[in-house]
Amino acid sequence: MNTLTKLALGLIGQNRPRPAAGDGSVSMPLPPPRRDGSLPLMQALALRQSVRDFSPEPLDETTLADVLWAGAGVNRPGLGGRTAPSAMNAQEVALYVAMPQGLYRYQPEEHRLQWVLDSDVRGLTGYQDFVDDAALDLIYVAEHDRMSLVPASQRSAFAHVAAGAMAQNVYLACASAGLATVLRAWLDRDALARAMHLANDEQVLLAQTVGRPKPPG
């Protein structure tokens, strides 16, 4: 769906998810993340970039596991520490994964995908047309009830900082694996929140498309 159509549907509150492709209503364990064999950090930083042309080819489970662990995984099991920081270790940003077969939530402690919804919500994760058919779109959602020690007026700002750190980790994982990615803030948050059945204290922050780069030509 092109950008103008999405904008028009958004104005009348008619942005809707697509039916899921196939049966995705199963939670998925993920293979362990590969912690060696990647590019050195400085090389990954040199390759980090935003890309907006994606192949629809799905990611294999191992590559998907690496990307999700980089963004929100547990790297210190004894402490429950994550790969990305959060204020007072609130870990208030949940990472959702929108794919053709449905919507999933990444569960860092078990390193698995928990099935949430049998709808394809990729098209609601941004007004750009490329979000509809890339392998997956990550959705960063703040859970404000996890920030009880933060003043209510500052919770959104704190959550955006945490989401930004997570997104940069995803960027570096993608750069190391030769994947394409782009972080996006231009989206119909109300339509996406409705489609995801989010509660009132949950806030859609950002989305990030991930996939294999579209072949030239």
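Two strands are taken to pair if DSSP finds at least two bridges between them. Strands (E, at least two residues) and helices (H or I, at least four) are DSSP runs numbered from the N terminus. By these criteria 2 bridges join β2 to β7, and the two strands run antiparallel; within this pairing M28 stands opposite L113 of β7. The model is a predicted one, in which local features need pLDDT of at least 70 and side-chain atom pairs count only at pLDDT 80 or more, while totals for chains, interfaces and linings use all residues. Residues are numbered from 1 along each chain as its sequence is written, and side-chain values use heavy atoms, with hydrogens and water left out.

The pairing of β2 with β7 belongs to an open sheet of 7 strands, ordered β2-β7-β6-β5-β9-β11-β10 and paired in the antiparallel sense. At its edges stand β2 (28–29) and β10 (180–184), each with a single partner strand, so one side of each has no neighbour in the sheet.

The sheet can be followed inward from β7. Strand β7 (residues 112–117) is joined to β6 by 5 bridges, in antiparallel fashion. L113 of β7 is the bridge partner of Y106. The hairpin of β6 and β7 has 4 residues between the strands, and H111 in this hairpin takes a positive phi near 50 degrees. On the other side, β6 pairs antiparallel with strand β5 (residues 93–99) over 4 bridges, and A98 faces L103 of β6. The hairpin that joins β5 to β6 does so through 2 residues.

Burial is defined here by relative accessible area: buried means under 20%, exposed over 50%, and partly exposed in between, with a 1.4 Å probe and protein chains only. Of the 6 residues of β6 (residues 102–107), 5 are buried, so this strand is largely enclosed by the rest of the structure. Strand β9 (136–143) is mostly covered, with 8 of its 8 residues buried. In a regular strand the side chains alternate between the two faces of the sheet. In β9, L136, L138, Y140 and A142 point one way and D137, I139, V141 and E143 the other, and all are buried.

Strand β9 also connects the two neighbours that flank it in the sheet order. It pairs antiparallel with β5 over 6 bridges, where L95 stands opposite Y140. With β11, β9 shares 8 bridges, again antiparallel, and V141 stands opposite V204 of β11.

V210 lies in strand β11 and, at 0% relative accessibility, counts as buried. Taking contact as heavy atoms within 4.5 Å, and not counting residues up to four places away in sequence, V210 touches F54, L59, A134, A135, L136, L138, V170, C174, L179, A180 and T181. V210 and M1 are 209 residues apart in sequence and 18 Å apart in space, C-alpha to C-alpha.

Helix α5 (residues 189–196) has A191, L192, A195 and M196 among its residues, and these are buried. Seen down the helix axis, the buried residues of α5 fall within an arc of 125 degrees (taken from the directions from the axis to the C-beta atoms), so they line one face of the helix. They pack against β5, β6, β7, β9 and β11 (202–211). After α5 comes H197, with a positive phi near 60 degrees.

Polar contacts add further detail; the term denotes a pair of N or O atoms within 3.5 Å, where within protein one must be able to donate a hydrogen and the other to accept it, and residues adjacent in sequence count only if both atoms are side-chain atoms. At the start of helix α1 (residues 3–11), a side-chain oxygen of N2 reaches to within 3.3 Å of the backbone nitrogen of L4. Just after α1, G13 has a positive phi of about 70 degrees. Q91, in the loop between β4 (81–82) and β5, counts as buried at 14% relative accessibility. Its side chain reaches the backbone oxygen of G80 at 3.0 Å.Leaving aside residues up to four places away in sequence, Q91 touches G80, G81, R82, S86 and R146.
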